[in-house]
Amino acid sequence: MGPWGIAYDPSNGYIYVTDSGSNTVSVINGTTVIATIPVGQRPRGVAYDPSNGYIYVADIDSGTVSVIDGTTVIATIPVGLDPWGVAYDPSNGYIYVTNAGSDTVSVINGKTNTVIANIPVGTGPKGIAYDSSNGYIYVANSGSDSVSVINGTTVIANITVGQPLGPTGVAYDPSNGYIYVTTWDSNTVSVINGTTVIANIFVVLAPWGVAYDPSNGYIYVTNRGSNTVSVINGTTVIATIPVGTGPRWVAYDPSNGYIYVTNFYSGTVSVINGATN
C-alpha cells in the first residue's frame, strides 16, 4: 500500500520498494514480489550500500533508518526528524539521509551503523544523490528552492533552482557529468553542472522522482500530476510514457535493463523497457 521509494541491490538482483501505507518494504525479483519486510512507520527513501551489502530505509514517522540484510532487518538507527531520502557515497563509505523536518542531513558510517554527523542544509531536504565526477552530495531542499552541495560533512554551495516547495528528486548522469533536479512547482527539471544551473527542462505536471539509465543514457522523470514518465536525453524530452496513478520514485535495474516506477495511489510498480511501458 502506497509504494514510494525504490532501489536495486546488485548482490542479489532484487528491487526494494518502500510501502509507505503499510510500513513494509516489498522485495521484487524480476516482476514478482518474493518478500514483504516490516520496517518503521511510513518508509520513504531507500538506498543500497555496496560496502556491506545492506539496504537502508528512511522511516519518516519513526525518525529512524532501518537496515536490511537480504530480507531481514538487522538494525534501526535514530536520525533526524522526518527522514526522507537516502544516498550512498563510495568515496568515503557513508550513507547520507535527508531529514525534511529538521533541515539536516544525517551521515551514517556503514561499518558501525551509527550517525557520525548532522549537517544543516536548506529547508525541507528531500531528494539526494552522489556525483562521482567531483565526489559531492547534492540535496534538494523542497522548502527553500535550493540545492545544497556537500563535500564530506561540509556544505560548500547552495544553488537556486525552481520555485519554493519545488526541488524534490535528484539524480546524476555520468555520461555528461550533470545533476538533474525535479522542481514540481515549476514543472521543470533543473540541470546542474558542478554548482551552476545550465538548463531548465519543461516536462509535464509536477515532476517528482528521477533516475539515470546507463544502458541508453536517458534520464527518467516521474510526473505525479499527469501519471506519466518523461524521458530526457541530455536536455531534451524525447518521450512521455503513461504509467500508474501518482508515480513517485524511479530506479534502474541493470540485471534486466528495466526502469521501475512506484505508483503511490494505484499501489503498483510500472516496468519500463527503453521508452515503452
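## Strands β23 and β24

Let's start with a strand pair: β23, made of residues 228–233, runs antiparallel to β24, and six bridges hold the pairing. One of the facing pairs puts Thr228 across from Pro242 of β24. Keep in mind throughout that this is a predicted model.

These two belong to an open sheet of four strands, ordered β21-β22-β23-β24, with antiparallel pairing. At its edges stand β21 and β24, each of which pairs on one side only. From one strand to the next, the twist averages 25°.

## The sheet at the start of the chain

Another open sheet takes in four strands in the order β1-β2-β3-β4, again with antiparallel pairing. Here the edge strands are β1 and β4 (32–38); each has a single partner strand, so one side of each is left without a neighbour in the sheet. The strand-to-strand twist averages 25°. As for what does the joining, strands of a sheet pair through backbone hydrogen bonds, whether parallel or antiparallel.

Now for the pairings themselves. β1 and β2 are antiparallel and share five bridges, and they make a hairpin with four residues in between. In that turn, Gly13 has a positive phi of about 80°. Next along, β2 (residues 14–19) is joined to β3 (residues 24–29) by five bridges, also antiparallel. Val17 is a handy residue to click on: it stands opposite Ile6 of β1, and its bridge partner in β3 is Ser26.

Is β1 enclosed or left open by the rest of the structure? Seven of its seven residues are buried, so β1 is largely enclosed by the rest of the structure.

## The largest pocket

The largest pocket holds about 1200 Å³ of space. It is lined by 38 residues, and the ones closest to its centre are Ala47, Val86, Ile128, Ala129 and Tyr130. Which elements give two or more residues to that lining? They are β1 (3–9), β5 (43–49), β9 (83–89), β13 (125–131), β17 (167–173), β21 (207–213) and β25 (247–253).

If you're thinking about the chemistry of the lining, the split by class is 30 nonpolar, six polar and two charged residues.

## Two residues in pocket-lining strands

Ala251 is in strand β25, one of the strands that give two or more residues to the pocket lining. Ala251 counts as buried because its relative accessibility is 9%, and the cut-off for buried is under 20%. Beyond its neighbours within four places in sequence, Ala251 is in contact with Ile6, Ala7, Ala211, Tyr258, Ile259 and Tyr260. Pro167 is 84 residues away from Ala251 in sequence, and their C-alpha atoms are 18 Å apart.

Tyr88 is part of strand β9, and its relative accessible area of 16% makes it buried too. Setting aside residues up to four places away in sequence, Tyr88 touches Tyr48, Asp49, Pro50, Ser51, Gly93, Tyr94, Ile95 and Tyr130. That last one, Tyr130, is among the residues closest to the pocket centre. Tyr88 and Val271 are separated by 183 residues in sequence and by 24 Å from C-alpha to C-alpha.

## Loop residues to check

Most residues other than glycine have a negative phi. Asn23 is not a glycine, yet it has a positive phi of about 55°. It sits in the loop between β2 and β3 and is partly exposed, at a relative accessible area of 30%. Ala206, also not a glycine, has a positive phi of about 55°. Its place is the loop between β20 (196–202) and β21.

Is Ala206 buried or exposed? Ala206 is buried, with 8% relative accessibility.

Gly246 lies in the loop that runs between β24 (236–242) and β25. At 1% relative accessibility, Gly246 is buried. Leaving out neighbours within four places in sequence, its contacts are Arg224, Asn227, Thr262, Asn263, Phe264 and Tyr265. Gly246 and Trp208 are 38 residues apart along the chain, with 9.8 Å between their C-alpha atoms.

How values were computed:
Residues are numbered from 1 along each chain as its sequence is written. This is a predicted model: local features need pLDDT of at least 70, side-chain atom pairs count only at pLDDT 80 or more; totals for chains, interfaces and linings use all residues. Side-chain values use heavy atoms; hydrogens and water are left out. On a 1 Å grid over the protein atoms alone, a cavity is a set of points where a 1.4 Å probe fits but cannot get out, and a pocket is an open set with protein on both sides within 12 Å along at least five of seven lines; lining residues have an atom within 4 Å of a point. Grid points are joined across faces, edges and corners, and a volume is the space filled by probe spheres set on the points. Ala, Val, Leu, Ile, Met, Phe, Trp, Tyr, Cys and Pro count as nonpolar, Asp, Glu, Lys and Arg as charged, and the others, Gly among them, as polar. Buried means under 20% relative accessible area, exposed over 50%, partly exposed in between (1.4 Å probe, protein chains only). Contact means heavy atoms within 4.5 Å. Two strands pair if DSSP finds at least two bridges between them. Axes are lines fitted to C-alpha atoms, for helices over the stretch in contact, and angles run from 0 to 180 degrees between N-to-C directions.
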